[in-house]
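Here are my notes on the model, set out as numbered points. Please read them with the structure open.

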Amino acid sequence: MNDFEVEIYCDGACRGNPGPGGWGVVLRRGYHEEELNGFKKKTTNNEMELTAAIEGLRTLKEKSVVKVVTDSNYVVQGMKEWIFSWSNNGWKTASKKPVKNKSLWQELKSIADQHLVEWTWVKGHAGHAGNERADMLANEAMDENL
């Protein structure tokens with residue numbers, strides 16, 4: 001294992017945008033692995049990407065060193081760059097428009113701030129095992145509910 005106590009692989013999916021969506025998470029701590037997923041009847045892909053990260057971090061019961069791995073540039077750039085200016089600018093974008101998915105971003109930041117998190121982007125559908133499994137879990141959630 002590397003220096004991270006926990007690795008969280010997360011992915012969101014949507015059939016139609018908006019449309020029915022699912023999220024999937026694979027958590028790894030040492031040799032322990034846990035899988036989570038969920039469904040929302042009407043949502044967007046970005047909402048599901050954010051929800052996957054939120055749900056993965058929400059499972060942690062104590063302060064942890066975490067590597068969050070996602071194929072969502074939206075989530076990674078949001079947490080590494082954009083969120084700081086958004087929160088300083090009253091949750092407005094650089095063009096002075098309201099931030100989309102504000103409540104999800106605020107929840108993700110609140111949960112992430114309880115841990116030491118590294119946000120890592122991987123290319124989706126490129127054979128990365130953790131990301132592929134999170135994608136399968138997201139799609140399973142949709143399949144089970146449609």
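**Notes on the fold and its details**

1. Helix α4 (residues 129-145) lies across β1 (6-14), β2, β3 and β4, and its direction is at about 140° to that of β2. The model is a predicted one, and the points below should be read with that in mind.

2. The strands form an open sheet of 5, in the order β3-β2-β1-β4-β5, and the pairing is mixed. Its edges are β3 and β5, each of which pairs on one side only. From one strand to the next the twist averages 20°.

3. How is β1 joined to its partners? With β2 it runs antiparallel, and 8 bridges join the two; with β4 the pairing is parallel, over 5 bridges. One residue from each pairing can serve as a register check: D11 has G24 in β2 as its bridge partner, and E7 has K67 in β4.

4. Are the residues of β1 buried or exposed? Buried: the strand is mostly covered, with 9 of its 9 residues in that class. In a regular strand, side chains alternate between the two faces of the sheet. For β1 both faces are covered, with V6, I8, C10, G12 and C14 buried on one side and E7, Y9, D11 and A13 buried on the other. E7 and D11 thus appear in the buried list as well as in the register check, where E7 is paired with K67 and D11 with G24.

5. The hairpin of β1 and β2 has 4 residues between the strands, and G16 there takes a positive phi near 95°. The loop between these two strands also holds P18. The peptide bond leading from N17 to P18 is cis, with omega near 15°. A figure of this loop should show both G16 and the cis bond.

6. Strands β2 (residues 19-29) and β3 (residues 32-43) pair in the antiparallel sense over 10 bridges. Opposite residues of β3, G22 faces F39 and R28 faces E33. The two strands form a hairpin with 2 residues between them, and G30 in the turn has a positive phi of about 60°.

7. Helix α2 lies across β4 (65-70) and β5, and runs at about 140° to β5. The axes of α2 (residues 73-88) and α3 come within 11 Å and cross at roughly 95°. That angle makes α2 roughly perpendicular to α3. On the α2 side the contact is made by Y74, V75, G78, M79, I83 and W86, and on the α3 side by W105, L108, K109 and A112. By class, these residues divide into 8 nonpolar, 1 polar and 1 charged.

8. Which residues of α3 are buried? They are L104, W105, L108, I111 and A112. These residues lie on the same side of α3, because they cover an arc of only 135° around the axis. An α-helix has 3.6 residues a turn, so residues three or four places apart point the same way. The buried residues of α3 pack against α1 (45-58), α2 and β5 (116-121). W105, L108 and A112 are named both among the buried residues and in the contact with α2.

9. S110 also belongs to α3 (residues 102-112). Its relative accessibility is 43%, so S110 counts as partly exposed, the class between under 20% and over 50%. The C-alpha atoms of S110 and I54 are 9.5 Å apart, although 56 residues separate the two along the chain.

10. Two residues other than glycine with positive phi deserve a look at the backbone. K96, in the loop between α2 and α3, has phi near 70°. It counts as exposed because its relative accessibility is 66%. H125, in the loop between β5 and α4, has phi near 55°. H125 is likewise exposed, with a relative accessible area of 60%.

Conventions
Residues numbered from 1 in each chain as written. Predicted model: local features only at pLDDT ≥ 70, side-chain atom pairs only at ≥ 80, totals over all residues. Heavy atoms only, no water. Buried < 20%, exposed > 50% of the residue type's maximum accessible area, 1.4 Å probe, protein only. Axes fitted to C-alpha atoms, helices over the stretch in contact; angles between N-to-C directions. Parallel < 35°, antiparallel > 145°, perpendicular 65-115°, else oblique. Contact = heavy atoms within 4.5 Å. Nonpolar A, V, L, I, M, F, W, Y, C, P; charged D, E, K, R; others polar. Arc of directions from axis to C-beta. Pairing = 2+ DSSP bridges.
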